[in-house]
Amino acid sequence: MDYKKSNAPLTTITRDVNSLCENTGNVYETVMIIAKRANQISIELKDEIKRKLEEFANNNVDNLEEVFENREQIEISKYYERLPKPTLLATQEYIEDKTYFNNPLKNK
């Protein structure tokens, strides 16, 4: 998913908890849904940045004193630092009804 195109805010904002939990009717369940989605997003982002930075990995460990600064590597790191945090992305997805959740205990 392209998280750069998300309309999630870059900074934290105050949310009305009562309006957030309208779908579930339970504040704690809503928080857990958002938290689990935030963990999924975090894992996706970590895997993505790891794959992109592996291209720049230096397997030569003979000389530990030399540190190579690669401009592309710095730009990739800055791109991911500028993205909204996973909790903000997950909250925005939840508000826009893009998050699928199912409570098997309620379906019985």
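Which backbone oxygen lies 2.9 Å from a polar atom of the side chain of Thr30? The partner is the backbone oxygen of Asn26, and the pair falls under the heading of a polar contact (two N or O atoms within 3.5 Å; within protein, one must be able to donate a hydrogen and the other to accept it, and residues adjacent in sequence count only if both atoms are side-chain atoms). The model examined here is predicted, with local features requiring pLDDT of at least 70, side-chain atom pairs counting only at pLDDT 80 or more, and totals for chains, interfaces and linings using all residues. Residues are numbered from 1 along each chain as its sequence is written, and side-chain values use heavy atoms, with hydrogens and water left out.

Thr30 makes a convenient starting point for a tour of the model. This residue is found in helix α2, where helices are DSSP runs of H or I with at least four residues, strands are runs of E with at least two, and both are numbered from the N terminus. Thr30 counts as buried because its relative accessibility is 4%; the classes are buried for under 20% relative accessible area, exposed for over 50%, and partly exposed in between (1.4 Å probe, protein chains only). Leaving aside residues up to four places away in sequence, Thr30 touches Leu20, Cys21, Thr24 and Tyr94, a contact being heavy atoms within 4.5 Å.

Tyr94, one of the residues touched by Thr30, leads on to the aromatic pairs. Rings of Phe, Tyr and Trp (its six-membered ring) pair if their centres lie within 6.5 Å, and the planes count as stacked under 30 degrees apart, edge-to-face over 60, and tilted for the rest. By this rule there are 2 aromatic pairs. In one of them, Tyr79 and Tyr80 have ring centres 5.1 Å apart and planes at 85°, so the arrangement is edge-to-face. Tyr79 is partly exposed at 26% relative accessibility, whereas Tyr80 is buried at 12%. The rings of Tyr94 and Phe101 have centres 5.9 Å apart and planes at 35°, and this pair is therefore tilted. Here too the two partners fall into separate classes: Tyr94 is buried, with 3% relative accessibility, and Phe101 is partly exposed, with 31%.

Turning to charged side chains, the structure holds 5 salt bridges, each defined as a side-chain nitrogen of Lys or Arg within 4 Å of a carboxyl oxygen of Asp or Glu. Glu93 and Arg37 meet in one of these, at 2.7 Å from N to O. This bridge links distant parts of the chain, since Glu93 sits in helix α4 (residues 86–95) and Arg37 in helix α2, 56 residues apart. Glu93 counts as buried because its relative accessibility is 7%, and Arg37 is likewise buried, with a relative accessible area of 15%. A network of salt bridges links Arg37 and Glu93 with Glu44.

Other salt bridges join residues within a helix. Glu48 and Lys52 meet at 3.8 Å, N to O; being 4 residues apart in helix α2, they are separated by about one helical turn. Glu48 is partly exposed at 22% relative accessible area, and Lys52 is partly exposed at 32%. In helix α3 (residues 71–82), Arg71 and Glu75 are also 4 residues apart, a separation of about one helical turn, and their side chains form a salt bridge of 3.8 Å, N to O. Arg71 is exposed because its relative accessibility is 56%, while Glu75 is partly exposed at 34%.

The surface also offers a nonpolar patch of about 390 Å², made by Val17, Val27, Tyr28 and Val31. Patches are made of residues with over 30% relative accessible area and no salt bridge, with like charges joined within 9 Å and nonpolar side chains (Val, Leu, Ile, Met, Phe, Trp, Tyr) within 5 Å. Accessible areas come from the Shrake-Rupley method with a 1.4 Å probe, and for residues only the protein chains shown count as cover. Helix α2 (residues 27–54) supplies the largest share of the patch, with 3 residues. Val17, by contrast, has its place in helix α1 (residues 17–20) and counts as partly exposed because its relative accessibility is 42%. The C-alpha atoms of Val17 and Val27 are separated by 7.2 Å, with the two residues 10 apart along the chain.
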